[in-house]
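Reader: I have a new model open on my screen and would enjoy walking through it with you. Shall we take it one question at a time?

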Amino acid sequence: MNYRTVTIVVFVLMLAGACGFAAPDATPIPVPRETPLPPGAKILRLDIQQAELGAGEHQTVEIEVGTTAIWTNRDKTILHNVTHFPLERGVEPAFESDNLAFGEVFQHTFDEVGEYIYICRVHAVTSKAIITVVNNSTE
């Protein structure tokens, strides 16, 4: 290399250092994961995928009080979320997740009998499902 090339390379490296280029922070960003549940807990696992959205039929499932639903985003290209959509005016949603990237999870334990319509706010027009919570205790 000649003197001019070395000078240019040194200048570019000094400029890059002055602009604040540095190694990225090694602190990982926390990813929503499942919260461990006690042995014997009732669990409903639900996958979220774009292919299921707008299919015409809405997913409906019946579970018992005390069941924990665990939603996992299986869509590699799109964010999704899970939001309870109460039909009554003035009723607060029983659950609402943040946007979930691929592999991230959201979980909610259903402690009250009722019908819970939930949507993905990102795809609210085309996505809807219903969880019906029943009391099947033999008390």
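Reader: How many aromatic pairs does the structure hold?

Author: Happy to start there, with the reminder that this is a predicted model. Ring pairs link Trp71, Phe95, Phe106, Phe110, Tyr116 and Tyr118 into a cluster. The aromatic pairs in the structure number six.

Reader: What kind of aromatic pair do phenylalanine 95 and phenylalanine 106 form?

Author: Their ring centres are 6.4 Å apart, and the planes meet at 35°. An angle under 30 degrees would count as stacked and one over 60 as edge-to-face, so the rest, this pair's 35° included, count as tilted. The type of this pair is therefore tilted.

Reader: Which parts of the chain does that pair link?

Author: Phenylalanine 95 sits in the loop between S4 and S5. Its partner, phenylalanine 106, is eleven residues away. Phenylalanine 106 belongs to strand S5.

Reader: And what is the angle between the planes of phenylalanine 95 and phenylalanine 110?

Author: This pair also links distant parts of the chain, as phenylalanine 110 lies in the loop between S5 and S6, 15 residues from phenylalanine 95. The centres are 5.5 Å apart and the pair is edge-to-face. The angle between the planes is 80°.

Reader: Is phenylalanine 110 buried or exposed?

Author: Buried means under 20% relative accessible area. Phenylalanine 110 has 1%, so it falls under that cut-off. Phenylalanine 95, at 4%, is buried as well. For phenylalanine 110, the word is buried.

Reader: Which backbone oxygen lies 2.7 Å from a polar atom of the side chain of asparagine 73?

Author: Asparagine 73 is in strand S3 (residues 68-73), and its relative accessible area is 0%. Among the residues it touches are Ile48, His80, Leu100 and Phe102. The oxygen in question is that of leucine 100.

Reader: Turning to the sheet, which are the edge strands?

Author: Four strands form an open sheet with mixed pairing, in the order S2-S7-S6-S4. Two bridges join S4 to strand S6, and these two run antiparallel; threonine 83 stands opposite isoleucine 119 in S6. The strands that pair on one side only are S2 and S4.

Reader: Last one: which element has the lowest mean pLDDT?

Author: The protein averages a pLDDT of 79, and 67% of the residues score at least 70. Strand S5 has the highest mean among the elements, 95, while the lowest is 59. Where pLDDT is low, the predicted coordinates should not be read in detail. The element with the lowest mean is helix H1.

Note on methods. Residues are numbered from 1 along each chain as its sequence is written. Side-chain values use heavy atoms; hydrogens and water are left out. pLDDT is the predictor's confidence in each residue, from 0 to 100. Buried means under 20% relative accessible area, exposed over 50%, partly exposed in between (1.4 Å probe, protein chains only). A polar contact is a pair of N or O atoms within 3.5 Å; within protein, one must be able to donate a hydrogen and the other to accept it, and residues adjacent in sequence count only if both atoms are side-chain atoms. Contact means heavy atoms within 4.5 Å. Two strands pair if DSSP finds at least two bridges between them. Rings of Phe, Tyr and Trp (its six-membered ring) pair if their centres lie within 6.5 Å; planes under 30 degrees apart count as stacked, over 60 as edge-to-face and the rest as tilted. Lists of a residue's contacts leave out its neighbours within four places in sequence.
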